[in-house]
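Student: I am new to this structure and would like a close look at a single part of it. Could you take me through its pockets with some care?

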Amino acid sequence: MRIGVTVFLTDQTIGPAELGRALAERGFQSYYAPEHTHIPVSRATPAPLGEPLPDYYSRTLDPFVTLATVAAVAPGIRVGTGICLVAQRDPILLAKESATLDLLTGGRFDLGVGFGWNKEEMADHGVVFGQRRDRVREGVLAMRELWGLDVASYQGEHVRFEPSWCWPKPAARAVPVLIGGAAGPKLFQAVLDYADGWMPIGGRGLTQALPVLRAAAEEIGRDPDTLRVVPFGTEPTPGKLEHYRKLGIEEIVFNVPSGPADRILPVLDDYARYIERE
């Protein structure tokens, strides 16, 4: 089982190079970077985990620069976004960034995507909140065209471009796409429609949710064994690793609180000892 972590890195926390080296030294195998471009001061949208919204949301480092730095100092670690706000990004640029990172890491990049929650943040990007799911879908489908074809084009409602050349290509002509979010019909429909797997936030309720996802995959003729399920931002509680192993989970991502090195490194030490015990 691959064990990774996610942590909000900012201009006030441990740096990505120091974090990458620390993860490699302790045997962790993946790191996922979150994303928020900015947080409008006038925000009225409730924070998903309650108020007040932590300061690190407005100070988050760019995920792709962060992941490239981690990968450079810890070349054996798999890196990913957790999650990338696709609706707020230009899909042509995102396709190039993702393909470049995947190529330079030797195919060790996962594009974790999400729909987003902050209406004011999206509005500043010209995104209508109610259209965000459609924008994410079209963005991912358009990127798949750019990754997989020498001459690619896409004509959607939100994403359009004429036949074009776009290199580099990912290491395997595709970047794995994982959708983050809570279990539900809409989320599972999206996973089965255009993604390679699911990142259940927190990782709770998988015993009940996984059979539903697998049944939905079988119903449309998709092999459920090809779907990656990566519990994301979970906490290391006794028996959790064995529980996930029994469910067929092959990777989990622990949440690490944001902070400076003297706060984060002891947490990584605790997690490493937990993994040894489990």
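Tutor: Keeping in mind that this is a predicted model, we can begin with the largest pocket, whose lining is made up of 41 residues, and the ones that lie nearest its centre are Pro48, Leu49, Tyr57, Ile201 and Phe232. The volume of this largest pocket is about 1200 Å³. Several helices and strands contribute to its wall: the strands β3 (78–85), β7 (177–181) and β10 (232–234), together with the helices α5 (132–148), α6 (185–194) and α8 (240–246), each give at least two residues to the lining of the largest pocket. Sorted by class, the lining of the largest pocket holds 19 nonpolar residues, 15 polar ones and seven charged ones.

From there we can turn to the second largest pocket, which encloses about 330 Å³ of space. This second largest pocket is lined by 15 residues, and Leu227, Arg228, Val229, Gly248 and Ile249 are the closest to its centre. Two elements, helix α7 (206–219) and strand β9 (228–229), give two or more residues each to the lining of the second largest pocket, and the largest share, three residues, belongs to α7. When the lining of the second largest pocket is divided by class, eight residues are nonpolar, one is polar and six are charged.

Notes. Residues numbered from 1 in each chain as written. Predicted model: local features only at pLDDT ≥ 70, side-chain atom pairs only at ≥ 80, totals over all residues. Heavy atoms only, no water. 1 Å grid on protein atoms, 1.4 Å probe; cavity = no way out; pocket = protein on both sides within 12 Å on 5 of 7 lines; lining within 4 Å. Points joined across faces, edges and corners; volume = space filled by probe spheres on them. Helix = DSSP H or I, 4+ residues; strand = E, 2+ residues; numbered from the N terminus. Nonpolar A, V, L, I, M, F, W, Y, C, P; charged D, E, K, R; others polar.
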